[in-house]
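These are my notebook entries on a structure that I had not examined before. I set down what I looked up, entry by entry.

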Amino acid sequence: MLFNLCSLWTLSHKFLNMIKSDYLLVRLRAICGLAALLFFFVPVWINADADEGAVKRIELVISERKVQREDKTIRVTQGESVELVWQSDEAAELHLHGYDINFEVSPEAPAIVTFEAHATGRFPITSHGFGGEQGNGHEALLYIEVYPK
Ligand SMILES: [Cu+2]
């Protein structure tokens, strides 16, 4: 869009140039050239940043001791930074196997769990106890699948 405007500008400039040469016109053409240059390069810089520091953020809600999510498998790619944001209607201690991360969820505030998905495979997130009790069930609430790059 900007580039098209600039092409249009250059054409009209050429026409105007035939009539009179003006210092302001030369300045405007330089600015237009710079704008076109930025138009092409700025998105490249932004994309490079996005790929490096990208965090895959997944919001999860536990109610009645279950993750409220149709698909119980979260799929990520090796090397991704994963951020799990948990809301729960009940306090619980959870465990991400493989990565061996233990964390607590509670109704008071969301729990945020971050990890770098370096190991590939399928890893369950299990409960180590709901409501302050220990060991009531150890079934998987969710699975994390990390696929090779
Ligand atoms: Cu466990």
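**Entry 1: a hairpin.** I began with E5 and E6, which form a hairpin with 4 residues between them. In the turn I noted Gly-98, whose phi is positive, at about 80 degrees. The model is a predicted one, and I read the entries below with that in mind. Strand E5 covers residues 92–96 and strand E6 covers residues 101–105; the two run antiparallel and are joined by 5 bridges. I then looked up Leu-96 and found that its bridge partner in E6 is Ile-101.

**Entry 2: the other partner of E5.** Which strand besides E6 pairs with E5? I found that E5 pairs with strand E8 (residues 121–130), in the antiparallel sense and over 4 bridges. Leu-96 appears here again, with Ile-125 as its bridge partner in E8.

**Entry 3: from E8 to E9 and E3.** I followed E8 onward to E9, with which E8 pairs in the antiparallel sense over 6 bridges. Within this pairing, Phe-123 stands opposite Ile-144 in E9. Next I checked strand E3 (residues 73–77), and its pairing with E9 is parallel, over 5 bridges. Arg-75 has Glu-145 as its bridge partner in E9.

**Entry 4: an open sheet.** In what order do the 4 strands of the open sheet lie? I recorded the order E2-E1-E4-E7, and the pairing is mixed. Strand E2 (66–67) and strand E7 (111–116) are the edge strands, each pairing on one side only. I looked at one pairing in detail: strand E4 (residues 81–88) and E7 are antiparallel over 6 bridges. There, Val-85 stands opposite Ile-112 in E7.

**Entry 5: Ile-58.** I located Ile-58 in strand E1 (residues 55–63). Why does Ile-58 count as partly exposed? I found 16 other C-beta atoms within 10 Å of Ile-58; this count is why the residue is partly exposed, because a buried residue needs 20 or more and an exposed one has 12 or fewer. Leaving aside residues up to four places away in sequence, Ile-58 touches Ile-74 and Leu-84. I also checked Glu-83, which is 25 residues from Ile-58 along the chain, and the two C-alpha atoms are separated by 6.2 Å.

**Entry 6: the nonpolar core.** The largest nonpolar core has 14 residues, and I noted that Trp-86 and Val-105 touch the most other members. At least two residues of this core come from each of E1, E4, E5, E8 and strand E9 (140–147). I then listed what Trp-86 touches, again not counting residues up to four places away: Leu-60, Ile-62, Val-105, Pro-110 and Ala-111.

**Entry 7: the whole chain.** I counted 2 helices and 9 strands in the protein. Along the sequence, the pattern is α-α-β-β-β-β-β-β-β-β-β. Of the 149 residues, 11% count as buried. Among contacts with a separation of 6 or more, 62% are between residues 24 or more positions apart.

**Entry 8: confidence.** How many of the residues, as a percentage, score at least 70 in pLDDT? I found 63%, with an average pLDDT of 80 for the protein. Over residues 46–50 the pLDDT falls below 50, and in the model this stretch has 0 contacts beyond near neighbours in sequence. Where pLDDT is low, the predicted coordinates should not be read in detail. I therefore leave that stretch without a detailed reading.

Technical notes. Residues are numbered from 1 along each chain as its sequence is written. This is a predicted model: local features need pLDDT of at least 70, side-chain atom pairs count only at pLDDT 80 or more; totals for chains, interfaces and linings use all residues. Two residues are in contact if their C-beta atoms, placed from the backbone, lie within 7 Å. Two strands pair if DSSP finds at least two bridges between them. pLDDT is the predictor's confidence in each residue, from 0 to 100. A nonpolar core is a set of buried Ala, Val, Leu, Ile, Met, Phe, Trp, Tyr and Cys residues joined through C-beta atoms within 7 Å.
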